[in-house]
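Before reading on, take a moment with the sequence and the model shown below, and keep both in view. The paragraphs that follow go from the whole chain to its sheet, its cores and a few single residues.

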Amino acid sequence: MKEMKNQNDRSKMDEPELEFDHEQSAKAFYYAEQTDLNKEDQVHEPEALYDYKRQGEYTLEDYYALPDDRRVELIDGVFFEMDAPGTDHQTAALQIVRQLDEYIDSQGGSCVPFVSPIDVQLDRDDRTMVEPDVVLLCDMKKNVGRCIYGAPDLVMEVLSPSTSRKDQTLKLYKYRNAGVREYWIIDLQREKVTVYDFEHKKHPAIYGMDVPIPVGIYDGKCEIRFDRYFARMKMLNQG
């Protein structure tokens, strides 16, 4: 990941940095948020529907048994609600995938970007199935058809009211420990992107959307520009 020399080149916010060299710190960060997440973000089903299990006990069997119109994620045996994405959310994700695809094609690369909905069996067990907004997969052996089996190389989450805290805490911890090489948290409201370079154990870098943002797994040669997103949103909001 390129270093940010000054704020004119890369917009960096004054926020605390998280060191990923210390496993205990990451665990403490994860568990400190679990209580709040459990209160507000988990699925609350009628007791009669799942009276034989409690949150923390669900498996992929329960996940696949849910109605098709239910959007949830299963993380460590816990179901979490997912609201349908808005037009800004979808536009940002699609524009990112388009730019990744263009770069990969121009380089004759073999990685493939995907946009949600795409199931990721992150831990390769029967207790976790996540649905990131954008993933980049380079190891095609992990493509098993029904889902991506294991950690993708790059994951991006676009924050929304129903997923914001989960994306910034629980899923941050899960992605890092599953072996994801790079994780982006995209905040459209604040117009900032937080990039975690797990592969090189760097501090998170925080960018404004007014500059091209380098993709670390491509050594910064691929950059994501959000001016395309803002142009498309301007067009959508003219109606």
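Two strands are said to pair if DSSP finds at least two bridges between them, and the strands themselves (E, at least two residues), like the helices (H or I, at least four residues), are DSSP runs numbered from the N terminus. The model is a predicted one, in which local features need pLDDT of at least 70 and side-chain atom pairs count only at pLDDT 80 or more, while totals for chains, interfaces and linings use all residues. Residues are numbered from 1 along each chain as its sequence is written, and side-chain values use heavy atoms, with hydrogens and water left out.

Taken as a whole, the protein contains six helices and 12 strands. It has 239 residues, of which 50% count as buried; here buried means under 20% relative accessible area, exposed means over 50%, and partly exposed lies in between, with a 1.4 Å probe and protein chains only. Contact means heavy atoms within 4.5 Å, and among the contacts with a separation of 6 or more, 58% are between residues 24 or more positions apart.

A good place to begin is the sheet, which is open and has six strands in the order S3-S5-S7-S8-S9-S10, with mixed pairing. Its edge strands are S3 (112–115) and S10, each of which pairs on one side only. Neighbouring strands of this sheet are turned by 15° against each other on average, direction ignored, where the axes are lines fitted to C-alpha atoms, for helices over the stretch in contact, and angles run from 0 to 180 degrees between N-to-C directions. Helix H3 lies across S3, S5, S7 and S8, and runs at about 170° to S3.

Within the sheet, S8 and S9 run antiparallel and are joined by six bridges, with Trp-184 standing opposite Val-195 in S9. The hairpin of S8 and S9 has four residues between the strands, and in it Glu-191 takes a positive phi near 55°. On to the next strand: S9 and S10 pair in the antiparallel sense over four bridges, and the bridge partners in S10 are Gly-208 for Lys-192 and Ala-205 for Val-195.

Which way do the residues of S9 point? Lys-192, Thr-194 and Tyr-196 point one way, and Val-193, Val-195 and Asp-197 the other way, yet all are buried. Strand S9 is accordingly described as mostly covered, with six of its six residues buried.

The chain also holds a hairpin made of strand S1 (residues 72–75) and strand S2 (residues 78–81), which run antiparallel and are joined by four bridges. Val-72 stands opposite Glu-81 in S2, and with two residues between the strands, Asp-76 takes a positive phi near 55°.

In soluble globular proteins, nonpolar side chains tend to be buried together. A nonpolar core is a set of buried Ala, Val, Leu, Ile, Met, Phe, Trp, Tyr and Cys residues joined through side-chain atoms within 4.5 Å. The largest such core has 30 residues, of which Trp-184, Ile-186, Val-215, Tyr-218 and Phe-226 touch the most other members. Several elements each supply at least two residues of this core, among them helix H3 (87–107), strand S8 (182–187) and helix H6 (227–236), and the largest share, seven residues, comes from H3. A second, separate core of 21 residues includes Val-120, Val-130, Ala-151 and Leu-159.

Aromatic rings give another view of the interior. Rings of Phe, Tyr and Trp (its six-membered ring) pair if their centres lie within 6.5 Å, and planes under 30 degrees apart count as stacked, over 60 as edge-to-face and the rest as tilted; by this rule there are seven aromatic pairs. One of them, formed by Tyr-196 and Phe-198, is stacked, at 6.0 Å centre to centre and 25° between the planes. Tyr-196 is buried with a relative accessible area of 9%, and Phe-198 is buried with 10%. Ring pairs link both of these residues with Tyr-175 and Tyr-183 into a cluster.

Tyr-175 leads to helix H5 (residues 170–178), where seven of the nine residues are buried, including Leu-170, Lys-171 and Tyr-175. Just after H5, Gly-179 takes a positive phi of about 105°. Finally, Asp-167 is found in helix H4 (residues 164–168) and counts as buried at 1% relative accessibility. Leaving aside its neighbours within four places in sequence, Asp-167 is in contact with residues including Glu-157, Leu-172 and Tyr-183.
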